[in-house]
Amino acid sequence: MSSLQTQTVIDVHHWNESLFSFKTTRENSFRFENGHFVMIGLKLDGKPCLRAYSIASPNWSEELEFFSIKVADGKLTSQLQHLNPGDEVLVGTKPVGTLVMRDLRPGKRLFLFSSGTGLAPFMSIIRDLEVYERFEQVVLVHSVRQVSDLAYRDYIGAELANHEYLGEFISNQLVYLPVVTRESFDVQTRIPELISTGALTDTLGMEPLNTSEDRAMICGSMAMLDDTKAALEGCGFVGSPSQGEVGDFVIERAFVER
Ligand code: FAD
């Protein structure tokens with residue numbers, strides 16, 4: 001069986017000059033856990049050009065959704081950013097990853113820490129009913145440089161609360177904290193400092209972080225992963241040591257080892 005499927009683009013949305021999202025058809029046989037990533041790409045000069053992408057859609061959706069950077073001289077994204085509905089995209093058949101809920105110890109609050117396109121896997125997780133069954137509260141923190149980088153802001157902050165099946169859970173249990181580090185904004189402090197100073201929970205009007213009830217997932221650039229991990233460890237949290245072993249927090253290891 002081929003390790004690549006060809007899917008058709010259904011919809012493309014450009015957030016700003018450096019970020020866009022797109023939806024594709026999905027094969028019935030394509031199975032994944034919310035939080036997984038998969039290799040996707042285009043045929044360039046007759047050969048597949050593939051990159052790792054977190055799946056932004058939840059696994060119950062009939063479509064696949066991806067949230068992408070546009071790198072001007074990036075081999076894949078310099079081309080991918082010109083996708084239109086009807087175009088074909090290559091999608092790997094083996095979604096994988098360590099950013100999965102089952103490697104978290106039971107807890108009451110789940111913090112999802114993301115920067116930039118690191119939001120993508122959490123778009124899948126916040127639309128997973130299981131997360132609201134496992135945790136009383138889910139706090140999504142999305143840190144970006146400019147206000148226009150806050151992709152999905154209205155969707156998360158307003159539209160999702162009206163979702164037919166998830167709306168009730170989302171309005172009662174999901175807390176969304178956008179952070180903008182290089183323009184004037186309500187919260188401008190980087191995620192690691194928000195954690196280590198206690199400003200995170202102060203800002204949200206919540207009880208301070210505590211290792212017995214709080215859990216976290218982290219996705220972002222390598223520097224953000226390292227600093228956020230260190231901030232959580234400084235508060236006493238212990239990460240999942242490897243896939244299949246539970247911890248207080250999980251990170252996307254493939255991204256770290258790149
Ligand atoms: P590349 O040659 O791959 O990258 C060129 C340069 O662009 C890199 O050196 C880096 O400095 C910068 N860059 C690359 N990706 C990003 C990014 N996402 N944000 C900011 N700067 C970046 N990218 C996504 O856009 N969305 C995702 O959901 C996503 N998920 C990933 C999951 C994993 C596990 C890994 C390892 C990577 C993921 N990436 C994601 C990055 C992605 O694989 C590619 O690097 C990206 O698509 C750019 O590809 P490129 O060929 O255009 O440029």
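Begin at the ligand, which has 19 residues around it, the closest being A52, Y53, F67, T77 and T117; a residue is taken as near a molecule if one of its heavy atoms lies within 4 Å of it. Before going further, note that this is a predicted model, in which local features need pLDDT of at least 70 and side-chain atom pairs count only at pLDDT 80 or more, whereas totals for chains, interfaces and linings use all residues. Residues are numbered from 1 along each chain as its sequence is written, and side-chain values use heavy atoms, with hydrogens and water left out.

**Stop 1: the ligand oxygens**

Select R51, A52 and K75 together with the ligand. An N or O atom in the side chain of R51 is 2.8 Å from an oxygen atom of the ligand. With A52 the backbone is involved, one of its N or O atoms lying 2.7 Å from a ligand oxygen, and for K75 a backbone N or O atom is found 3.3 Å from an oxygen atom of the ligand.

**Stop 2: L19**

Next select L19, which belongs to strand β2; helices (H or I, at least four residues) and strands (E, at least two) are DSSP runs, numbered from the N terminus. L19 has 5% relative accessibility and therefore counts as buried, where buried means under 20% relative accessible area, exposed over 50% and partly exposed in between, computed with a 1.4 Å probe on the protein chains only. Leaving aside neighbours within four places in sequence, L19 is in contact (heavy atoms within 4.5 Å) with H14, F67, S68, I69, K70, T117 and D149. If you draw a line from the C-alpha atom of L19 to that of S148, 129 residues apart along the chain, the separation is 9.3 Å.

**Stop 3: E65 and Y152**

Move to E65 in strand β5, which covers residues 64–69. Is E65 buried or exposed? Its relative accessibility is 7%, so E65 counts as buried. Show the side chains of E65 and Y152, which make a polar contact of 2.6 Å; then add R127, whose side chain is joined to that of E65 by a polar contact of 3.3 Å. A polar contact here is a pair of N or O atoms within 3.5 Å; within protein, one must be able to donate a hydrogen and the other to accept it, and residues adjacent in sequence count only if both atoms are side-chain atoms. Not counting residues up to four places away in sequence, E65 also touches others, including F22, K23, S54, I55, A56 and S57.

Stay on Y152, which sits in the loop between β8 (137–144) and α4. Y152 is buried, because its relative accessible area is 4%, and although Y152 is not a glycine it has a positive phi of about 65°.

**Stop 4: the second largest pocket**

E65 and Y152 also lead into the second largest pocket, where they are among the residues nearest its centre, along with H13, W15 and Y155, in a lining of 16 residues. The elements that give two or more residues to this lining are β1 (4–16), β2 (19–24) and α4 (153–157), and β1 gives the most, with 4 residues. About 250 Å³ of space lies in this pocket. On a 1 Å grid over the protein atoms alone, a pocket is an open set of points with protein on both sides within 12 Å along at least five of seven lines, a cavity is a set of points where a 1.4 Å probe fits but cannot get out, and lining residues have an atom within 4 Å of a point. By class, the pocket lining has 7 nonpolar, 2 polar and 7 charged residues.

**Stop 5: T8 and D45**

Select T8 in strand β1. T8 is partly exposed, because its relative accessible area is 32%. T8 touches K23, T24, T25, G86 and D87, not counting residues up to four places away in sequence; T8 and D87 are 79 residues apart in sequence and 5.7 Å apart from C-alpha to C-alpha.

Then go to D45, in the loop between β3 (37–44) and β4 (47–54). D45 counts as exposed, because its relative accessibility is 81%, and its phi is near 50°, a positive value in a residue other than glycine.

**Stop 6: the largest cavity**

Finish by selecting T98, D103, S240, S242, Q243, V250, I251 and R253, which line the largest cavity.

Conventions. Points joined across faces, edges and corners; volume = space filled by probe spheres on them. Nonpolar A, V, L, I, M, F, W, Y, C, P; charged D, E, K, R; others polar.
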